[in-house]
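Reader: Hello! I have just opened this structure, and I would like to learn how its labels are earned. Could you show me?

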Amino acid sequence: MRRLKEVFLSFRKRAAAIASTTAVMALTSIAVFAEETGGTDTSAALDAMVIKEADLMPLFNAVASNLGVILKVGIPLFGLFLAVSIIPKVIRYFTK
């Protein structure tokens, strides 16, 4: 049974390597053979897709304000959880 398990694990590793290599090769070939249609329509479409700094400012402000709240609440909670896990170990160490 142990030998069967080893064979299966080695097969799984090889299968994962082959599958990932095949996927990379397939996606690379799509990018290589993509056609460019040219013209101003393409550049206008690309300009419409560009993300500017002003577009990201609301997201950045929301993350920054939430991060401030999370840190104010999270650090004491982390300290509490750490103390709860360490204090019994210290007591056990000194009572042995």
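Reader: What makes α2 and α3 stand out in mean pLDDT among the elements of the chain?

Author: Helix α2 (residues 40-49) has the lowest mean, 64, and α3 the highest, 88; pLDDT is the predictor's confidence in each residue, from 0 to 100. Over the chain the mean is 77, with 72% of residues at 70 or more. This is a predicted model, where local features need pLDDT of at least 70, side-chain atom pairs count only at 80 or more, and totals for chains, interfaces and linings use all residues. Residues are numbered from 1 along each chain as its sequence is written, and side-chain values use heavy atoms, leaving out hydrogens and water.

Reader: How do you know how many helices and strands there are?

Author: Helices are DSSP runs of H or I with at least four residues, and strands are E runs of at least two, numbered from the N terminus. The chain has three helices and zero strands, in the order α-α-α.

Reader: How do you know whether the span of α3 agrees with its 43 residues?

Author: The expected span is 1.5 Å times one less than the number of residues, so α3 should span 63 Å; its end C-alpha atoms are 60 Å apart, which agrees.

Reader: Why is V73 called partly exposed?

Author: Buried means under 20% relative accessible area and exposed over 50%, with partly exposed in between (1.4 Å probe, protein chains only). V73, in helix α3 (residues 53-95), has 48%, so V73 is partly exposed. Of the chain's 96 residues, 0% count as buried.
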